[in-house]
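Please open the model in your viewer and keep the selection tool at hand. The tour below goes from stop to stop, saying at each one what to select and what is there.

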Amino acid sequence: MSIFKARVKEFEDVLAGPQDAIDLNQLRKLAFNGVPDVQSFRALSWKLLLGYLGPRRSSWTTTLAQKRALYKQFIEELVLPPGHSSNGASVDGGDGDKVDSGGVGLQDHPLSEGPESAWNTFFNDNEFLLQIDKDVRRLCPDISFFQQPTDYPCEIVVHSKGEHGRRLHERVVPAVLSSANVERKGLGMTKQQINLITKRSVENYAAMEEGQEAHWEVVQRILFIYAKLNPGQGYVQGMNEIVGPIYYVMASDPDLSYRAHAEADCFFCFTALMSEIRDFFIKTLDDAEGGIKFMMARLSNMLKSKDLTIYELLRSQELHPQYYSFRWLTLLLSQEFPLPDVLRIWDSVFADEQRFDFLIKICCSMILIQREAILENDFASNVKLLQNYPPIDINVVIAHAGSLA
């Protein structure tokens, strides 16, 4: 039996064995070395490792049904314009005013400027929706996936029957809206940090016709709902790069019964992951144990202990960790490597019980592997090297990281 077939058999035994309870410790050990890109192994493994699904198989049907119904409710309450229901029935317009699906109650007219007005909220949402729209239209430009139509569009959104606003991108008019305030919550970010957080193509993806929607439109809805449900944090640029790989995995599931619910499943997996890394996006928590400054300091200390020469050189060149590792850590390396490599990295990161210990080791290995070039380069060349990491076999980086004590 080949090594690959043996690994597939190991995953089958853990994920589809006769026992009701999944052995999560065994799954972590297997996934840490990479999940085979066959069957539904990666999608199911990530759902388990991120805590979306519990270890007992017998609970999955109920959990999935409840979560997916909840997500449909989120769409109806947070995405559809005020005064409209998903089935076109009359809805309460406030203070008992009944309205049909084409009208609004007197207490909540679109021109109402009251702070409690649903329409006031609707228009304010468009400010951060503008930035989401810009970001998701440039998601993973190295592949065409996000530009392609999904086979499972959200029916209550794509069949708008001429009604404006159900499709989020239609609500955003760049010529009218000012640029959204999507800096990390707290004291904001420097212009330099904002530039460092994204390096994607400026190409914009087009929207689909009535009755269809592209994958990037689905991701836009996920991020919008997340921002609405987390007003203290809202949307921060870079979250699109976190949700993208998760959605790709869920929407590429060979099991069509799961793929049909990729949007809802991705939302809850993304929410679970964000609960662990949300401190990266909140500036006032930078120095906290889970904050990004703390993480960069851990990487710096590891580099110092592993290769003092490189550490001192970068320090002498005043090449500070935030010039490169801010993006590496905040976005879990999602912009440094091609998507298939990112998925492989995330297998190990999600399987790591300490979660981000191994991420720091990978980042440290990325520097150590380029030792010779770094020693020869000046400041400008090293900045370019670390901000645009050269192509490499990702298994070499992961193996190196695994060798670090």
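Begin with the largest pocket of this predicted model, which holds about 470 Å³ of space. Select Y152, P153, A260, H261 and E263, because these residues lie nearest the centre of the pocket among the 24 residues that line it. Then colour the elements that give two or more residues to the lining, which are α4 (60–79), α6 (155–158), α8 (215–229), α9 (239–251) and α11 (262–277). Of these, α4 gives the most, with 4 residues. If you colour the lining by class, you will find 14 nonpolar, 4 polar and 6 charged residues.

Now zoom out and display the whole chain as a cartoon, in which the secondary structure comes to 19 helices and 2 strands. The chain has 405 residues, and buried residues make up 52% of them. If you consider the contacts with a separation of 6 or more, residues 24 or more positions apart account for 74% of them.

Next, colour the chain by pLDDT, the predictor's confidence in each residue. The average for the chain is 84, and 80% of the residues score at least 70. Among the elements, select helix α3 (residues 41–49), which has the highest mean pLDDT, 98, and then strand β2 (residues 98–99), which has the lowest, 36. Select residues 88–109 as well, a stretch where the pLDDT is below 50, although the model gives this stretch 39 contacts beyond near neighbours in sequence. A further stretch to select is residues 174–196, where the pLDDT is also below 50 and where the model has 55 contacts beyond near neighbours in sequence. Where pLDDT is low, the predicted coordinates should not be read in detail.

Which helix holds L343? Select this residue and you will see that L343 is found in helix α15, which spans residues 339–351. L343 counts as buried because its relative accessible area is 6%, under the limit of 20%. Leaving aside residues up to four places away in sequence, L343 touches R42, W46, P245, Y248 and V249. Add V35 to the selection and compare the two kinds of distance, since L343 and V35 are 308 residues apart in sequence and 9.0 Å apart in space, C-alpha to C-alpha.

Move on to helix α12 (residues 292–306) and select M302, which is found there. With a relative accessibility of 16%, M302 counts as buried. Not counting residues up to four places away in sequence, M302 touches I360, K361, C364 and L404. From M302, go to A405, which is 103 residues away in sequence, while the two C-alpha atoms are 9.8 Å apart in space.

One of the residues touched by M302 is C364, so select C364 next and ask whether it is buried or exposed. C364 counts as buried, because its relative accessibility is 0%. C364 is in no disulfide, and the nearest cysteine sulfur, that of C363, is 8.7 Å away, whereas a disulfide would need the two sulfur atoms within 2.5 Å. Counted by this rule, the model has 0 disulfides. Another cysteine to select is C154, which is buried, with a relative accessible area of 11%.

The following stops are in loops. Select Q39, in the loop between α2 (24–32) and α3, and look at its backbone, where phi is near 50°, a positive value in a residue other than glycine. Q39 counts as partly exposed, at 43% relative accessibility. Then select L332, in the loop between α14 (325–330) and α15 (339–351). Phi of L332 is near 50° and is likewise a positive value in a residue other than glycine, but L332 counts as buried, at 0% relative accessibility.

Finish at P391, which is found in the loop between α18 (379–387) and α19 (394–403). P391 is exposed, because its relative accessible area is 84%, over the limit of 50%. Select P338 together with P391, and you have a pair that is 53 residues apart in sequence and 9.0 Å apart in space, C-alpha to C-alpha.

How values were computed
Residues numbered from 1 in each chain as written. Predicted model: local features only at pLDDT ≥ 70, side-chain atom pairs only at ≥ 80, totals over all residues. Heavy atoms only, no water. 1 Å grid on protein atoms, 1.4 Å probe; cavity = no way out; pocket = protein on both sides within 12 Å on 5 of 7 lines; lining within 4 Å. Points joined across faces, edges and corners; volume = space filled by probe spheres on them. Nonpolar A, V, L, I, M, F, W, Y, C, P; charged D, E, K, R; others polar. Buried < 20%, exposed > 50% of the residue type's maximum accessible area, 1.4 Å probe, protein only. Contact = heavy atoms within 4.5 Å. pLDDT = per-residue confidence, 0-100.
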